[in-house]
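Work through the exercises below with the model open beside you. Try each task before reading its solution.

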Amino acid sequence: MKKKAIVLLVSLVFLLSFVFVYGGGSKEKKVSIKFMAALYSDATAPFWNETVEAFEKENPGVKVEVDIVNWDSVYQKTTTLISAKQEPDILNTDTIWVQYADKDLLEPLDSYMDKNFKDIFIPALLKSGVYKGKTYGLPLLATVRGLFYNKDVLGKAGVEPPKTWSDFVKVSLAINDPPKLYAFGMPITNFEGQAYISYFLWAAGGSWIDENGKCVINSEAGLRALNFAKDLVKKYKVVYPGWSTVNRDDTQKAMIAGKVGMMMTANFFPSIAKSENPDLKLGVVSIPGDKKQYNLGVVDSLMIFKRSQHKQAAFDFIKFYYNKKWHEKFILAEGMLPVTKAVSNDLESNPGLGKFIKMLSSARFFPAEPSWEPMVLEVIKAWQVAILGQKDPKKALDDAAEKINSEILKK
Amino acid sequence: MIRLRKEEKIAYICILPSFILISAVIFFPVVKTFINAFYSLDLYGNIQHFSGFDNFKRLFREDVFLRITINTLYWTVGMVFITVAVSLVLALALNHEFIGRKFSRIILILPWAASVMISALLWKWLFNSDYGMLNRLLRELHIISENINWLATPKTSFPAMIFVGVVISIPFTTITFLAGLQSIPNELYEAARVDGANKLKVIYKITLPLLKNVFFIVTTLNVIYIFNSFPIIWVITRGNPASQTDIVITYLYKKAFLYQDFGIASALSILIFFLLLTFSILYAKLIYKRGE
Amino acid sequence: MDIRWGKRLDLLLVYLVVVPVLLIILFPFLIMIFTSLKVSNEIFVSPPTWFPKKPILKNYIDIWHYVKLANYFKNSGIYAIGTTVLTILIALPASYATARIRFRGRMFFLFLILVTQMFSPIVVIISLYKMMAFYHSLNTYRGIIVTYSAFNQAFSIWLLTGYFSSIPKDIEEAAMIDGCSRFTTVVRILIPLAKPGIVATVVFVFIWAWNEFLLVLTFISTNRLWSLTLGIYGFIGKYKVLWNYLMAVSFLTTIPVIILFLLIERHLVSGLTAGAIK
C-alpha cells in the first residue's frame, strides 16, 4: 500500500515536469504575423476578424493572428511582451509608441512607403507618427475634442456657446444651478487628465515642452491655465463635484443625465449620448481659448516592431487596412475619424462625422515625447493638489517641473 | 530514531510535488524580484547595472510614500477587522437552524462568485451620485435627503471602497468560519449545556478557542489578500486624486506599468514582503503564545 | 417555557444578523439582474429606475453572437476544473505530511509557502511571463493550469493542514494498530474526515481560477483560449461600456459557481459533524 502511494506521488511529479518541459510550439510553414489590436468597442473584434479573413484570402502564404486587448491593459501587456522579447509584429496603441521608437524597438516605415502610399493620408496625421525625422507610427484612426454643450440649457439661459475664457465664465455662471445642474464637467484624473490640462494650457498659450525638450509646465501661461481651472472650481463654483476622481466617461454620463451643462470631450460622445438619452440635444464648438479657439486631435497608431521576422508581410497587412473599403468600414463601425483623404472626402457630408472631420483639419496634437506618460502623471498630480488647495499652484507646478526635468525626461 | 527517518522520507515524498510546483513557478520570479530591487532597471524591467540601495532611496523620497503607507494600513486593518468581525457573527448565526438557512448560504456566496473587477465596476456605478442606485435607495429609505457624491473626495470614496472590499471578503471568511464551526463536535456543546452554561459563555469558552486555528488562517490570509487587493481601487478611483486613495499595491502597479519604473516597483515589493512577513510572524506568536 | 423563549430570542438574533447582511449582499446582484433585462437607453437615467420598464431577454440572446461566449465558458471550465484537480492532488499529500509528520524542514516548507503568498502576481508578472515563454507554455491550457495551481498551493496547504491538525490522531492510530497501512488509513479515514476542509478548498480554488484576470490576460493572447473574464472585457470599450450586455454576461458567469456551491453545500454542512459522531 505504501508503495502505491509512492508510485502515485512520483508519477505526479513526472506528470508535472512533463507538462512543464514539453514544448508546445507548433511549427508552421506559413508566414505568421501577430497583430495586437486594442479594443475600442464591441465592433472591434468582428471587424479585424473579417479584415484578416479577406487579407488571408488575397495572400494565401500569410496568416494573421489577432490578439485584442482592452485599453486598460494595453500598457501592461506591451511592457511585459517587450521585456520578454516577445513583441507582436504589429501593435495598435496610443502615443506611447514614441517611447518604443526612442528605445529603438520600432521599425522605421519610410522605406516601405512609396509616394503614392504616403499620399493617401491626411498630411498632418501622417506627420503625427514621425519621431526624429523617421515615420514609426501610421495613424489607425483619429478623434477630435471640442466643447460640447447642452443646447436646451444654454438656450433657456439665453446664452451662446463660449469662444473665449471670459465668455466661458459668463456662460457658466448663467447656467450654473447646483445641485440640479453644474455648468462644467472638468474631469482631471489620471484617466486622460492630460487632455483637460492641454485644453487650458494651450488656450493660455503655454505648452508642455519647449523647443529644447524641457518641461515648461510651470511657465507663466501654465500657471495662468491652472489658476483659471482653479477659479472655476473654487471661485465660480461651476464645476461638477468629484472632478478629481470622477473620470471623463462618468462625467459624460452626468452630462447625458442632464446634470452637467458643458464639457470637453471627443467626437464619439454624441453617439453614446444618443443611445442613452435620445432627448438630449448636444451642440459642439471649438475649445475656447484665452485669445483664440483651437481643437485637440488625438491619433492612435499602428506600428511594426523591429524584432518582427516578417516586416514586409506585416506592412502589407497594414497597407491592406488602408484600402478605402476597410478603413471606412472601421471608422463607421467605431464612430471615429478617418485618416485617409479618400475616406474623409467620402464622409464629409456624413451628418455625424462631417463636422468633426473639418475640426480635425485644424487640430493640434500632443507632443511626440518618449517620456510622455510619466510626465503627464506628474503634472496631473500637481494640478489636482493645487486645485484642491493642498499646495500653492506656483509651487505645485515648479515642483512637478523640477521632478520631471531632473528625473523623468533625462531617461 | 529509525522510525523517524522513515516517517521523514514519507513526508519528503509527500511535499515534493508541491515543493517543485512552487519553486518552478513562483520561487524563481520572487528571487528575481529581490535581485532586481538592487539593480538599475530599464523601462522594460531588464537589469542595467548594480545600484545598491538606490531604488529604496528613491522610493522613500516619493512625495506620496507616507500617504500610501497610511492608506494601506487604514485599508488593511479596517477591512480585515470589519470582515472578520461581521463574518464571525454571521457564521455563528448561519450555524443555527432556521427557516431559509440554505437559501441564505447561497446568497452569501454571490459576491464571491462574481469576479472582483465586475463587482468593483458595479459598485462604482451604484455609488454614482446621479444615476447610481445607492443614493436612490438611501433616499427612499429616508436616510439621506440629497444625493451624496460618494466618490467625490477621498473622505467618502476611501470608506466606500473599504465597504466594497468587506462585502467581497465576507463570503470566503464566513464559509471558512462555518466549516470550522462544523468541525466542533456536538458533544462539547451538549456537555456545556448540561453544565448549565449560557449561550455567550459557550461561545466564549468553547467555540472561540476551538476556532483558533481557523481564526488564524482566516485573518492571515485576509490580511495578505486585502493588502494585495488591486481591482477595487483600480476600478473605482484609480488612486485619484493625486494618489490620495492609492494603496501600496495600486501604486506599485502604476510605478511598474504607467511610469515603467521597475526599480521602485521592485523595491516596493520587497518592502511589502517584509511588512507582511513581520506581521505574520508577530501574529502567529500572539495567537500561539502558549505553545501549539 | 424558559427554553422556548430562549430559543425564540436566539432565532430573532439570528435573523437580526443574517437579514441585513444578506440584503446588502443581494443589492448589487439585484441591480445586476435588473440591468441585464433593460434596454440600453434605460440604463443611464437620473433618477435611476429599479425595475426595467419592460424587461427584455434580448441581451441574453445577443451576447452569444457578440462574443464567442460558449467557447469562453469552455475555456474557463478547463482552467478552473484543471486547476482545482491539480491543486488538490498536490496539496493533499503535502498538507498531510505537514500536519501529521514532524520532519526536518517542516517550518521551512510552511515558511516558503507563506512567502509565495506575499507576492501579488502583479509583482512577479514580468518574470513569470519570461519563464512561461522559456517553458513554451504561453497560450496553452497547461501554462495557465500549472501557474494557477502554484498560486493556490499556499492557501490550500494552509487550510488543509489546519483541518488535518484539528482531527484527533486517535482514530488513525487505532486504525494503524488494527493493521491498516498508512496509505489506507489516510484514504479511508483521514480524508473522509477532512471533507469539509477539502470541500472548502475546492470551492475556493475553483472560484479563484474561474475569476482570475491578470495571469490569463498576460499568458493568453489568442482569442481562441480566452477565459470568460477576458471575454467580459469585450464589453468594456475604450469609450463606452455596454452595461446591459456586461451585466448579462456577468450574471451568467456566476451561475456555474452557484451550481458548484449547490452541489457541494450538502457536504460542507454534514461533513465532519456526522463523521465525528460515528
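The exercises treat two chain interfaces, the cysteines and one proline of a predicted model.

**Exercise 1. Size up the contact between chain B and chain A.**

Solution.
- Step 1: take the residues. Chain B gives 40 residues to the contact, and chain A gives 43.
- Step 2: take the area. About 3700 Å² is buried between chain B and chain A. Carbon and sulfur atoms give 57% of that area.
- Step 3: find the leading residues on the side of chain B. Tyr44(B), Asn240(B) and Tyr259(B) supply 18% of the area that chain B buries against chain A, more than any other three residues.

**Exercise 2. Describe the polar links between chain B and chain A, then the make-up of the side of chain B.**

Solution.
- Step 1: count the salt bridges. There are five between chain B and chain A.
- Step 2: inspect a pair. Asp250(A) and Lys124(B) form a salt bridge, with their closest N and O atoms 3.1 Å apart. The cut-off is 4 Å, so this pair qualifies.
- Step 3: count the polar contacts. The interface of chain B and chain A has 18 residue pairs in polar contact, both residues being at pLDDT 80 or more.
- Step 4: assign elements. On the side of chain B that touches chain A, α1 (2–36) and α12 (248–258) of chain B are the elements that give two or more residues. The largest share is that of α1(B), with ten residues.
- Step 5: sort by class. This side of chain B holds 24 nonpolar, seven polar and nine charged residues.

**Exercise 3. Repeat the analysis for chain C and chain B.**

Solution.
- Step 1: take the residues. The contact draws 91 residues from chain C and 98 residues from chain B.
- Step 2: take the area. Chain C and chain B bury about 9200 Å² between them. Of this, 78% lies on carbon and sulfur atoms. In chain C, the residues that lose the most area to chain B are Arg104(C), Met118(C) and Ile122(C), together 7% of what that side buries.
- Step 3: count the salt bridges. Chain C and chain B share two. Arg104(C) pairs with Glu8(B) in a salt bridge, at 2.8 Å from N to O.
- Step 4: count the polar contacts. Twelve residue pairs are in polar contact between chain C and chain B, both residues at pLDDT 80 or more.
- Step 5: assign elements. Several helices of chain C each supply at least two residues to the side that touches chain B, including α3 (69–100), α6 (141–166) and α12 (243–277). The largest share, 17 residues, comes from α1(C).
- Step 6: sort by class. That side of chain C has 68 nonpolar, 17 polar and six charged residues.

**Exercise 4. Check the cysteines.**

Solution.
- Step 1: count disulfides. The total over all chains is zero.
- Step 2: classify Cys215(A). Its relative accessible area is 2%, so Cys215(A) is buried.
- Step 3: classify Cys14(B). Cys14(B) also counts as buried, because its relative accessibility is 7%.

**Exercise 5. Place Pro241(A) and list what Pro241(A) touches.**

Solution.
- Step 1: locate the residue. Pro241(A) sits in the loop between α10 (220–234) and α11 (248–256) of chain A.
- Step 2: classify its exposure. Relative accessibility is 26%, so Pro241(A) counts as partly exposed.
- Step 3: list contacts. Leaving out residues up to four places away in sequence, Pro241(A) touches Tyr182(A), Val246(A), Asn149(B) and Ala152(B).
- Step 4: compare sequence and space. Pro241(A) and Ile175(A) are 66 residues apart in sequence, and their C-alpha atoms are 16 Å apart.

Notes:
Residues numbered from 1 in each chain as written. Chains lettered and ligands numbered in written order. Predicted model: local features only at pLDDT ≥ 70, side-chain atom pairs only at ≥ 80, totals over all residues. Heavy atoms only, no water. Contact = heavy atoms within 4.5 Å. Buried area = accessible area lost by both parts, 1.4 Å probe. Salt bridge = Lys/Arg side-chain N within 4 Å of Asp/Glu carboxyl O. Polar contact = N/O pair within 3.5 Å; in protein donor to acceptor, adjacent residues only side chain to side chain. Helix = DSSP H or I, 4+ residues; strand = E, 2+ residues; numbered from the N terminus. Nonpolar A, V, L, I, M, F, W, Y, C, P; charged D, E, K, R; others polar. Disulfide = S-S within 2.5 Å. Buried < 20%, exposed > 50% of the residue type's maximum accessible area, 1.4 Å probe, protein only.
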